[in-house]
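Student: I would like a close look at one part of this model, the sheet. Please go through how its strands are paired and what packs around them.

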Amino acid sequence: MKISVFLVDDHRIFRDTLKVFLELEDDILVVGQADDGRSAITGILETSPDIVLMDITMPELNGIDAITETLLERPNTRIIVLSGNSDVEYIYRALQVGAQGYLLKESSGVELVEAVRAVYRGKRYVSLEIPQSVLVDYVRGSDSPLEKLSLREREVLQLIVEGNSSALIAQKLGLSPKTVDTYRSRLMEKLDVKDLPSLLRMAIKHGLTPP
């Protein structure tokens, strides 16, 4: 039986290249693709893959929150983050919410296949390029301000900084515009942020939305 893999990245050329490369292996089959976190959740629930390769910085819904929502629906899903960002906060947050692996996009193809097979067997896999001591130091001494927010607040925050109106956010999330405005006020208070530019800078810095 082949290892079924679902690809999530907002660059189609990258996804197509990954698909071709992975399917050169006799034991791996790509069963679906998505270009943002929200459509990824739908696709993952429909295909029930063994492994998900997930980017972090994506429109609509970032990879961290997509992992969180996916695991609420499918707690046994095995997710490997495949990101171009080696910032330790990204790595820590991904592992904290349940990813079982973290690979850098600069990793070799051989390492990618090794990671897919290792996580499929139930092991954790972190890129050879990431010093384990960095993760230990981060866990001991740092916290992301985004951890103060609920999952719904982070969803609203991402959609706000991507330029969506309260009415459009309400439509996307099945809320009323008044509820969205309440979320907006609450998250700005929690983050101690007074204006939209400051909110945008914080969201980009902590990987919630693409620059």
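Tutor: Strands β5 and β6 run parallel and are joined by two bridges. In this predicted model, tyrosine 102 stands opposite valine 126 in β6. Strands of a sheet pair through backbone hydrogen bonds, either parallel or antiparallel. Here the pairing is parallel, and six strands form an open sheet in the order β2-β1-β3-β4-β5-β6. The edge strands are β2 and β6 (125–126), each of which pairs on one side only.

Now take the strands further inside that order. β1 and β3 pair in the parallel sense over four bridges, with valine 8 opposite methionine 54 in β3. Four bridges also join β3 to β4, and these two strands run parallel. In that pair, isoleucine 51 stands opposite arginine 78 in β4.

β3 deserves a second look for its side chains. In a regular strand the side chains alternate between the two faces of the sheet. In β3, Ile51 and Leu53 point one way, while Val52 and Met54 point the other way. All four of these residues are buried.

Helices pack against these strands. α3 packs on the sheet, where it touches β3 and β4, and its direction makes about 175° with that of β4. Isoleucine 67 can be followed in detail: leaving aside neighbours within four places in sequence, its contacts are Met54, Ile79, Val81, Val97, Gly98 and Ala99.

Isoleucine 67 also appears in the largest nonpolar core, which has 26 residues. The members that touch the most others are Val8, Val52, Met54, Ile67, Val81 and Tyr102. Two or more residues of this core come from each of β1, α2 (37–47), β3, α3 (63–73), β4, α4 (88–96) and β5 (101–104). There is a second, separate core of 20 residues, and among its members are Leu146, Leu149, Leu159 and Ile169.

Another helix to set beside the strands is α1. Within α1 (residues 12–22), the residues Arg15, Leu18 and Leu22 are buried. Seen down the axis of α1, its buried residues fall within an arc of 60°, so they line one face of the helix. A general rule helps here: an α-helix has 3.6 residues a turn, so residues three or four places apart point the same way. On the other side of α1, Arg12, Ile13 and Val20 are exposed. The buried residues of α1 pack against β1 (3–8), β2 (28–34), β3 (51–54), β4 (78–83) and α5 (109–120).

For a contrast, look at α9, whose buried residues pack against α7 (151–161), α8 (166–173) and α10 (196–205). Those buried residues are Val180, Tyr183, Leu187, Met188 and Leu191. They cover an arc of only 125° around the axis, which puts them on the same side of α9. The face turned away from the buried side of α9 carries the exposed residues Lys178 and Glu189. The length of α9 can be checked as well: at 1.5 Å a residue, its 15 residues (177–191) should span 21 Å, and its end C-alpha atoms are 21 Å apart, which agrees. After α9 comes aspartate 192, whose phi is positive, near 55°.

Terms used
Residues numbered from 1 in each chain as written. Predicted model: local features only at pLDDT ≥ 70, side-chain atom pairs only at ≥ 80, totals over all residues. Heavy atoms only, no water. Expected span 1.5 Å × (residues − 1). Buried < 20%, exposed > 50% of the residue type's maximum accessible area, 1.4 Å probe, protein only. Arc of directions from axis to C-beta. Contact = heavy atoms within 4.5 Å. Core = buried A, V, L, I, M, F, W, Y, C linked by side-chain atoms within 4.5 Å. Pairing = 2+ DSSP bridges. Axes fitted to C-alpha atoms, helices over the stretch in contact; angles between N-to-C directions.
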